[in-house]
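Thanks for coming, everyone. Please bring the structure up on the screen, and we'll walk through it together.

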Amino acid sequence: MTATIIDGKAFAASVRDKVATHVSALRTDHGIIPGLAVVLVGEDPASQVYVRSKGKMTVEVGMNSYEHKLEADTTEADLLAVVDKLNKDPAVHGILVQLPLPAHLDSDLVINAIDPAKDVDGFHISNVGLLGTGQKSMVPCTPLGSLMMLREHHGSLSGMNAVVLGRSNIVGKPMAQLLLNDSCTVTIAHSRTRDLADVVRRADIVIAAVGRPQMVPGDWIKRGATVIDVGINRIDAPEKGEGKTRLVGDVDFDSCAQVAGAITPVPGGVGPMTIACLLANTVTACCRANGLPEPEDLTV
């Protein structure tokens, strides 16, 4: 058996097309342009690349992009003042503070200072609580994108046995909640799980989000299962030359693809969906702020 490859890059492009259509309708029918503000503190190279990509795609779908770049030694008070200003700006519908923040800043404090209605990352404690109780919330982008791809591939997920490898607040926990809300039977597994391989082998759906390169081998996967690999890890690639590296996921792609029914690659799987869902969340937040119907094809 060779798994079907779930093309996250192509799926993300289709989501961005839907976002652009909704943005155009908001502009034409209501004179509203959704706005996304991104705050970057410091000069972390990976964060800079990510923020540039977000800004570029925001403009491409017709939304307004606002970037606030602060020095690495910015005080907590000054950062909170920027967040407060964005909270009060009616042209800004989504706010994202790029993580990680410099060590002297309290990430939880800053995230929870964002207006929950504008928290398009879905990290605010209010949105966590709303999602956990099955109420309307802003949903974290990576789990949202993973769920969209699962629904596209399977249709209904009702009754399926899902294992989420990883218990982070950003991916693992919200992913489990989304799967529960779609009537899956969900197990959250982690480094302390006993007989981890046997737990994973029972799953119809495996979400790997542990941050350990190629941790999951093919003999952990149930034949025909769907594998969503959230991991993005850089490892040495001597075959490319001295000092070269390559990206891999949390599963061993080659062996897992021999037994899985469907699998996301790394790169080109879940990664592209994260920014696409950030744009989707901004449109959703804009519609909610203006009392307009939410785009059903962009939310859960």
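Which side chain meets Arg246 in a salt bridge? The partner is Glu239, at 3.4 Å from N to O. Keep in mind that this is a predicted model. Now look at the two ends of that bridge. Arg246 is partly exposed, at 29% relative accessibility. Glu239 is exposed, with a relative accessible area of 58%. The cut-off for exposed is over 50%, so Glu239 passes it at 58%.

Let's stay with salt bridges. How many does the structure hold? The count is 9. Some of them share partners, and these join Lys136, Arg288 and Glu294 into one network.

Next, go to helix α8, which covers residues 196-201. Here Arg201 and Asp198 meet through their side chains, 2.6 Å apart from N to O. Both residues sit in that helix, 3 residues apart. That spacing is about one turn of the helix. Are these two buried or partly exposed? Arg201 is partly exposed, at 33% relative accessible area. Asp198 is also partly exposed, at 37%.

Move on to Asp204. This residue forms a salt bridge with Lys222, and the closest N and O atoms are 2.7 Å apart. Where do the two partners lie? Asp204 is in the loop between α8 and β7, and Lys222 is in the loop between β7 and β8. The pair therefore ties together parts that are 18 residues apart in sequence. As for exposure, Asp204 has a relative accessible area of 22%, which makes this residue partly exposed. Lys222 is partly exposed too, at 34%.

Now for strand β4. Gly94 and Leu96 are on one side of this strand, and Ile95 and Val97 are on the other. Are they buried or exposed? All four are buried, and both faces of β4 are covered. Which strand runs parallel to β4, joined by 4 bridges? That is β2, residues 35-41. Within this pairing, Leu36 has Gly94 of β4 as its bridge partner.

Keep β4 in view, and let's turn to empty space. Rolling a probe the size of a water molecule over the atoms shows where such space is left. A search of the whole structure finds 1 cavity of 30 Å³ or more. About 40 Å³ of space lies in it. Which residues line this cavity? They are Ile95, Leu96, Val97, Ile111, Ile114, Asp119, Asp121 and Phe123. Strand β4 gives the most to that lining, with 3 residues. By class, the lining has 6 nonpolar residues, no polar ones and 2 charged ones.

From the cavity, on to the pockets. How much space lies in the largest pocket? About 1200 Å³. The lining is made of 41 residues, and the closest to the centre are Tyr50, Thr142, Ile232, Gly271 and Thr274. Several elements give two or more residues to this lining: α2, β4, α6, β9 and α10. So β4 comes up again, here as well as at the cavity. Which element gives the most to the pocket? That is α10, with 5 residues. By class, the lining has 24 nonpolar, 11 polar and 6 charged residues.

The second largest pocket has a volume of about 410 Å³. There are 17 lining residues, and Gly122, Phe123, Val128, Asn169 and Ile170 are the closest to the centre. Phe123 is a name you have heard already, from the cavity lining. Helices α4, α5 and α7 each give two or more residues here. Among these, α5 gives the most, with 4. The lining divides into 9 nonpolar, 6 polar and 2 charged residues.

One last stop: Thr74. Where is this residue placed? In the loop between β3 and α3. Is Thr74 buried or exposed? Buried, at 11% relative accessible area. The cut-off for buried is under 20%. And what does the Thr74 side chain reach at 2.6 Å? The backbone oxygen of Glu71.

To recap, we went through the salt bridges, strand β4 with its partner β2, the cavity and two pockets, and then Thr74 with its contact to Glu71. That's the tour. Over to you for questions.

Note on methods. Residues numbered from 1 in each chain as written. Predicted model: local features only at pLDDT ≥ 70, side-chain atom pairs only at ≥ 80, totals over all residues. Heavy atoms only, no water. 1 Å grid on protein atoms, 1.4 Å probe; cavity = no way out; pocket = protein on both sides within 12 Å on 5 of 7 lines; lining within 4 Å. Points joined across faces, edges and corners; volume = space filled by probe spheres on them. Nonpolar A, V, L, I, M, F, W, Y, C, P; charged D, E, K, R; others polar. Salt bridge = Lys/Arg side-chain N within 4 Å of Asp/Glu carboxyl O. Buried < 20%, exposed > 50% of the residue type's maximum accessible area, 1.4 Å probe, protein only. Pairing = 2+ DSSP bridges. Polar contact = N/O pair within 3.5 Å; in protein donor to acceptor, adjacent residues only side chain to side chain.
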